[in-house]
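Colleague: Could you walk me through how to read a small model like this one? I would like the general idea each time, then the case at hand.

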Amino acid sequence: MVTISAALLAILACPVPECHGDLVQRDERLVCERCGRRYRIEESWPVLIPEEAELPGSSQAGCVPSP
Ligand SMILES: [Zn+2]
């Protein structure tokens with residue numbers, strides 16, 4: 001299993017401008033403790049792209065509700 005080092009996790013933050021929460025690793029994902037978005041990890045590197053994150057309570061990636 002891929003493990004993101006504690007040193008790297010310490011400097012990473014949620015990329016969502018209004019969030020910037022701390023990230024924790026859960027299995028093969030980095031999870032934002034504030035907004036709950038889940039970021040996948042590819043090649044030992046987290047994909048910190050809000051549009052590609054999985055929203056909490058949803059299995060769809062990058063789902064943005066339209067007005
Ligand atoms: Zn967040």
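Modeller: We will go through the fold, the sheet, the turns, the core and a few single residues. This is a predicted model, in which local features need pLDDT of at least 70 and side-chain atom pairs count only at pLDDT 80 or more, while totals for chains, interfaces and linings use all residues. Residues are numbered from 1 along each chain as its sequence is written.

Colleague: Which helices and strands does the protein chain have, and in what pattern?

Modeller: Helices (H or I, at least four residues) and strands (E, at least two) are taken as DSSP runs, numbered from the N terminus. Here the protein chain has one helix and four strands, and the pattern along the sequence is α-β-β-β-β.

Colleague: In what order do the strands sit in the sheet?

Modeller: In general, strands of a sheet pair through backbone hydrogen bonds, either parallel or antiparallel. Two strands count as paired if DSSP finds at least two bridges between them. In this model the four strands make an open sheet with the order S1-S2-S3-S4, and the pairing is antiparallel. S1 and strand S4 (45-46) each have a single partner strand, so one side of each is left without a neighbour in the sheet.

Colleague: How many bridges join S1 and S2, S2 and S3, and S3 and S4?

Modeller: Strand S1 (residues 23-26) and S2 share four bridges, with Arg26 opposite Arg29. S2 and strand S3 (residues 38-42) share three bridges. Across that pair, Leu30 stands opposite Tyr39 and Val31 opposite Arg38. S3 and S4 are joined over two bridges; there Ile41 stands opposite Pro46, and Glu42 has Trp45 as its bridge partner.

Colleague: Which residues in the turns have a positive phi?

Modeller: As background, most residues other than glycine have a negative phi, and most peptide bonds are trans. The hairpin of S1 and S2 has two residues between the strands, and Asp27 takes a positive phi near 55°. Five residues lie between S2 and S3, and Gly36 in that turn has a positive phi of about 85°. In the hairpin of S3 and S4, with two residues between the strands, Glu43 has a positive phi near 55°.

Colleague: Is Glu43 buried or exposed?

Modeller: A residue is buried if 20 or more other C-beta atoms lie within 10 Å of its own, exposed if 12 or fewer, and partly exposed in between, with C-beta atoms placed from the backbone. Glu43 has 6 other C-beta atoms within 10 Å, so Glu43 is exposed. His20, in the loop between H1 and S1, also has a positive phi, near 55°. With 12 other C-beta atoms within 10 Å, His20 is exposed.

Colleague: Which residues make up the largest nonpolar core?

Modeller: The general idea is that in soluble globular proteins, nonpolar side chains tend to be buried together. A nonpolar core is a set of buried Ala, Val, Leu, Ile, Met, Phe, Trp, Tyr and Cys residues joined through C-beta atoms within 7 Å. The largest one here has seven residues: Cys14, Leu23, Leu30, Val31, Cys32, Tyr39 and Ala53. Strand S2 (residues 29-32) gives the largest share of this core, three residues. Across the protein chain of 67 residues, buried residues make up 12%.

Colleague: What is Cys32 in contact with, beyond its neighbours within four places in sequence?

Modeller: Two residues are in contact if their C-beta atoms, placed from the backbone, lie within 7 Å. By that rule, and leaving aside neighbours within four places in sequence, Cys32 touches Cys14, Cys19, Gly21, Leu23 and Arg37. Cys32 is buried, with 23 other C-beta atoms within 10 Å. With the same sequence neighbours left aside, the contacts of Val31 are Leu23, Val24, Arg26, Gly36 and Arg38.

Colleague: Where is Pro15 found, and how far apart are the C-alpha atoms of Pro15 and Pro50?

Modeller: Pro15 is in the loop between helix H1 (6-11) and S1. The C-alpha atoms of Pro15 and Pro50 are separated by 6.3 Å, although the two are 35 residues apart along the chain. Outside its neighbours within four places in sequence, Pro15 is in contact with Leu48, Ile49 and Pro50. Pro15 has 19 C-beta neighbours inside 10 Å and so counts as partly exposed.
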